[in-house]
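Reader: Hey, got a minute to go through this one with me? I'd like to talk about the ligand site and then the aromatic rings.

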Amino acid sequence: MKDKLERIMKEAMDQIESSNELNKLNDIRVNFLGKKGELTSVLKGMKDVAPEDRPKVGQMVNDARAKIEERLENKKAGFEKKLREEKMKAEVIDVTLPGKPLKIGHRHPNTIVLEEVQNIFIGMGYEVVGGPEIEKDYYNFEALNIPANHPAKDEQDTFYLNNEFLLRTQTSSAQVHVMEKGKLPIRMISPGRVFRSDEVDATHSPCFHQIEGLVIDKNVTFADLKGTLAEFAKKLFGEDTKVKFRPHHFPFTEPSAEVDVSCFKCGGKGCRFCKGEGWIEILGCGMVHPHVLEMSGIDPEEYVGFAFGVGLERITLLKYEIDDMRLLYENDQRFLDQF
Ligand code: DAH
């Protein structure tokens, strides 16, 4: 019996030793220790063993089982360790490799300037309102005192969608929507896209941005308009900036003016930047025409107002000294990264 046990053990150990994969170990376990395994069959033959020898033989079988089991476990742990090591080697990460820098975007220069302009006017108590880009002729022209045959209509080269609708050529149309609501007084700016069928070049684009301003209250004067725009120019271009109002004509304001700021590069002496003028034109403005007030249901005897319109791209180009408007639309990262 002892010999038989030793033979079984040796065979089991040899098989374990020479096994070269995890699955084999399982087969070996079943073959030797399983229900129909060799050791079990030895136990089944106990009935042929003399009763006094049975405890001893039982002990021997148990020892043999424990040894085989221990050997199996060790071998299994060895396999698992090897597998783990191979996996680690295959998945090795070189922590000394430099990382790939993440490209982080930021606001477009137009957006930066728009937010700056908005903050200046919000600081003066203005509200920021939107307006539709698709307009009826009435809002874009008629209600702004630009009647059917007015040359301004040709001048502005409008994109008409059909007989009724067009793409607004100016944010001034937003003035009409705000006035129509009838909530007075009004103190608002309205930024947005406008459209004109212009050829693309360094200073023109068929789609660009304006910021409209409108103030309507009792006793508003041209002095208020001048003070407001002078303050705006100082905040935007620097405290030393001076403003100059030149008489001009817009159908919806009377009187009207164009506003120049003193060149912030040369301080007004004249340089390449201001083309030797010392002044740079930045916006149009004026006192809201009484007829415009009337058409939107505001009594011009009681209320007066002023309005202004700024080209956003123009301001952005000036502020950042960019000499070609197309750069603002191309979204070339090498350009945009600079802001
Ligand atoms: N809408 C004018 C334009 O597109 C700009 C403008 C001038 C707006 C005078 C105004 C204003 O509100 O009072 O050229």
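**Ligand site and ring pairs**

Author: Sure. Of the 15 residues around the ligand, the ones that come nearest are Q170, S172, R196, Q210 and E212. Keep in mind that this is a predicted model.

Reader: OK. How far is the side chain of Q170 from a nitrogen atom of the ligand?

Author: An N or O atom in the Q170 side chain sits 2.8 Å from a ligand nitrogen. For S172, a side-chain N or O atom is 2.9 Å from a nitrogen atom of the ligand.

Reader: And what lies by an oxygen atom of the ligand, backbone or side chain?

Author: Backbone, in the case of A307: one of its backbone N or O atoms is 3.2 Å from a ligand oxygen.

Reader: How much of the ligand's accessible area does the protein cover?

Author: On its own the ligand has 350 Å² of accessible area, and the protein covers 90% of that.

Reader: Which helices and strands supply at least two residues each to the shell?

Author: There's helix 8 (172-181), plus strand 5 (207-217), strand 8 (279-288) and strand 9 (304-311).

Reader: How does the shell split by class?

Author: It has 8 polar, 5 nonpolar and 2 charged residues.

Reader: Switching to the rings. How many aromatic pairs are there?

Author: The count comes to 11 aromatic pairs. One of them is F222 with F245, an edge-to-face pair with 5.9 Å between centres and 65 degrees between the planes.

Reader: Where in the chain do F222 and F245 sit?

Author: In distant parts of it: F222 belongs to helix 9 (residues 222-237) and F245 to strand 6 (residues 243-250), 23 residues apart.

Reader: Is F245 buried or exposed, and why?

Author: F245 counts as buried because its relative accessibility is 18%, and the cut-off for buried is under 20%. Its partner F222 has a relative accessible area of 25%, so F222 is partly exposed.

Reader: Got another edge-to-face one?

Author: Yes, F335 and F339, at 5.1 Å centre to centre and with 65 degrees between the planes.

Reader: What about burial there?

Author: F335 is at 10% relative accessibility, so F335 counts as buried. F339 is partly exposed, with a relative accessible area of 24%.

Reader: Last one: which residues do ring pairs link into a cluster?

Author: That cluster is made up of F121, Y126, F232, F306 and F308. On the ligand side, strand 9 (304-311) is one of the elements that supply at least two residues of the shell.

Terms used. Residues numbered from 1 in each chain as written. Predicted model: local features only at pLDDT ≥ 70, side-chain atom pairs only at ≥ 80, totals over all residues. Heavy atoms only, no water. Phe/Tyr/Trp six-rings, centres within 6.5 Å; stacked < 30°, edge-to-face > 60°. Helix = DSSP H or I, 4+ residues; strand = E, 2+ residues; numbered from the N terminus. Buried < 20%, exposed > 50% of the residue type's maximum accessible area, 1.4 Å probe, protein only. Near = heavy atom within 4 Å. Polar contact = N/O pair within 3.5 Å; in protein donor to acceptor, adjacent residues only side chain to side chain. Areas by Shrake-Rupley, 256 points an atom, 1.4 Å probe, with all protein chains shown as cover. Nonpolar A, V, L, I, M, F, W, Y, C, P; charged D, E, K, R; others polar.
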